[in-house]
Amino acid sequence: MKRRGKKLIALCAALAILLGLYASVATLTADPEESEPVTVAALTADDLVSLSWTNADDGTLELVRGSADEDWSYASDSDFPVDQSYPEAMLTALQEVSASVEIDAPSDLSDYGLEEPGMTITATGSDGGQTTFSIGNENEMTGEYYLSCSAQEGKVYLVGTSLTDAFAYDLYDLVQMEEIPPFGQIDSLTVESGSGALALEYLEDSTGHTYNPTEFHWFLQSGDTLRAVDTTEAETLTGSLTGLSWMQCTDYKAEDDELVEYGLDDASATRVQLTYQDADDEDAEEEGESKTFTLLLGKDTDTATYARLGDSRMVYLISTDTADALRYAAWSSLRPSAVCTIDPDQIEEIEITVDGETRTITFEGTATEEVTDENGETTTQTVSVYRWNGEELPSAEVDALVSALNGLTVTGETTAAQGEEIITVTIRQKVEGYEELTLRLTAQDAATACAEFGGETLLTDRSAADTLASSARALFED
């Protein structure tokens, strides 16, 4: 009897589950003949002057307008900048609310989550008439929601997510964030903070300011002089501004004391200014008229950094990586990575001193020569012509020497050179103000060489310095 009793209990439990599933399906298909969508409400968008909805975080939010010709505003504060795309999407969702299932005379609203709705939406027309939609539980089988409407009393509907999606926003989701301007040519960048200032300037024609005007166009202001900086590093730095995006708005109208809390008051913030030409204004770009973009950087949060535009009280979060790149920009991060970058087309002579002997290579332009490949086919190519002591030197070997010269990378700085000389190279070139340049390499230790160039004493890799010296020796071997 005990075993038969247990079986009977199990069968009863299974039957209860089946009955429950049947009841759920019956609820979904209360009217088997209803296969076409049911129109719950169809509102005229141009007639609506108020849209309000409940929200777990902000309570009830309401957007209002005087007429269809006016923009929507936040009812509690007309200064709040509303992104008009949101109310437009809400109007679209309200123009026709349709259901897949209509449940007539439901027994208990609590079964559908409609006794205490998760969301309530009220649309008010210009005549004061209101239509209210209450949204209850999600039906886990279909992903739709149960809904009741004040215009259809005594009925419950099963609707899609378009209505809930259109209104599923907190106040700050609706904010119209300020636009980042369309940047054209960047003219300058300055960063000012309590620890100092950094100023970069772009020169399209940098003749007279650098020994290689074809390579260097960005310069760091250092007192009354300009120091050429790495082009890639400068463009990466300016790109952190031209590619700036707001993560979110945290305050649309910060008071003075609130700016202090954000670290965005004038006394505390890091001020970044970019002068640029408007990419959308062809006349201004042609005439070289510049505009100024100002960004203030404040305190960090756990995941981002507070920021605002210079003439605004709207506060945003931006990437801390972007903020740090600007705040901590310095000569050490902008300095060219190469010890020297000589333009071979501008060289007239290279004087090389190695192993106590000095020799001068003259650069005599280019010539054409015929080259026959392994298949017997002949082609004409242009090669550079180099001479030493009246004899022509192999162009590939001199090219390799110049490549080794430009391949020296900076690994650090030092106060003074020490150790034996590895090689000294004097370049005479056709560049205004920089007609003669001298690079002197000395041994620092087994791994490091000291490079004196352009008034700076830098450190470079010892093996690269030795390679340069070896390339020079190979040229002059008998």
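**Exercise 1. Determine which residues stand opposite L189 in this predicted model, and how the strands concerned are paired.**

Step 1. On one side, L189 stands opposite L274, a residue of strand 15. The pairing behind this contact joins strand 10, residues 183–193, to strand 15, residues 270–278, through seven bridges, and the two strands run antiparallel.

Step 2. L189 also stands opposite L200, which belongs to strand 11. Here strand 10 pairs with strand 11, residues 196–202, in the antiparallel sense over six bridges.

Step 3. The connection between strand 10 and strand 11 is a hairpin, with two residues between them. In general, the strands of a sheet pair through backbone hydrogen bonds, either parallel or antiparallel.

**Exercise 2. Describe the pairings of strand 27 and name a bridge partner for G412 and for T448.**

Step 1. Strand 27, residues 456–461, pairs with strand 23, residues 410–413, in the antiparallel sense over three bridges. Within this pairing, the bridge partner of G412 is L459 in strand 27.

Step 2. Strand 26, residues 448–453, is joined to strand 27 by six bridges, and these strands likewise run antiparallel. In this case T448 has D461 of strand 27 as its bridge partner.

Step 3. Strand 26 and strand 27 form a hairpin with two residues between them, and G454 in the turn has a positive phi of about 60°.

**Exercise 3. Work out the strand order of the open sheet of nine strands and identify its edge strands.**

Step 1. The order of the open sheet is 1-5-9-8-7-6-2-3-4, with antiparallel pairing. Its edge strands are strand 1 and strand 4 (73–74), because each of them pairs on one side only.

Step 2. For the edge strand 1, the partner is strand 5, residues 97–104: three bridges join the two strands, which run antiparallel. Within this pair, A41 stands opposite V97 in strand 5.

**Exercise 4. Locate A105 and N389, two non-glycine residues with positive phi, and classify their accessibility.**

Step 1. As background, most residues other than glycine have a negative phi. A105, although not a glycine, has a positive phi of about 50°, and N389, also not a glycine, has a positive phi of about 60°.

Step 2. A105 lies in the loop between strand 5 and strand 6 (119–125), while N389 is found in the loop between strand 21 (378–388) and strand 22 (391–393).

Step 3. The cut-off for an exposed residue is a relative accessible area over 50%. A105 has a value of 58% and is therefore exposed; N389 has a value of 66% and is therefore exposed.

**Exercise 5. Place D47 in its surface patch and in the chain, and decide whether it counts as buried, partly exposed or exposed.**

Step 1. D46, D47, D69, E70, D71, E88 and D127 form a negative surface patch. D47 itself is found in the loop between strand 1 (38–41) and strand 2 (48–55).

Step 2. Since buried means under 20% relative accessible area and exposed means over 50%, D47, at 31% relative accessibility, counts as partly exposed.

**Exercise 6. Relate the position of T294 in the chain to its accessibility and to its distance from G310.**

Step 1. T294 has its place in strand 16, residues 291–300. Its relative accessibility is 14%, so T294 counts as buried.

Step 2. T294 and G310 are 16 residues apart in sequence, whereas in space they are 5.0 Å apart, C-alpha to C-alpha.

Note on methods. Residues are numbered from 1 along each chain as its sequence is written. This is a predicted model: local features need pLDDT of at least 70, side-chain atom pairs count only at pLDDT 80 or more; totals for chains, interfaces and linings use all residues. Side-chain values use heavy atoms; hydrogens and water are left out. Patches are made of residues with over 30% relative accessible area and no salt bridge: like charges are joined within 9 Å, nonpolar side chains (Val, Leu, Ile, Met, Phe, Trp, Tyr) within 5 Å. Accessible areas come from the Shrake-Rupley method with a 1.4 Å probe; for residues, only the protein chains shown count as cover. A salt bridge is a side-chain nitrogen of Lys or Arg within 4 Å of a carboxyl oxygen of Asp or Glu. Lys and Arg count as positive and Asp and Glu as negative; His and the chain ends are not counted. The place of a charge is taken as NZ of Lys, CZ of Arg, CG of Asp or CD of Glu. Helices (H or I, at least four residues) and strands (E, at least two) are DSSP runs, numbered from the N terminus. Buried means under 20% relative accessible area, exposed over 50%, partly exposed in between (1.4 Å probe, protein chains only). Two strands pair if DSSP finds at least two bridges between them.
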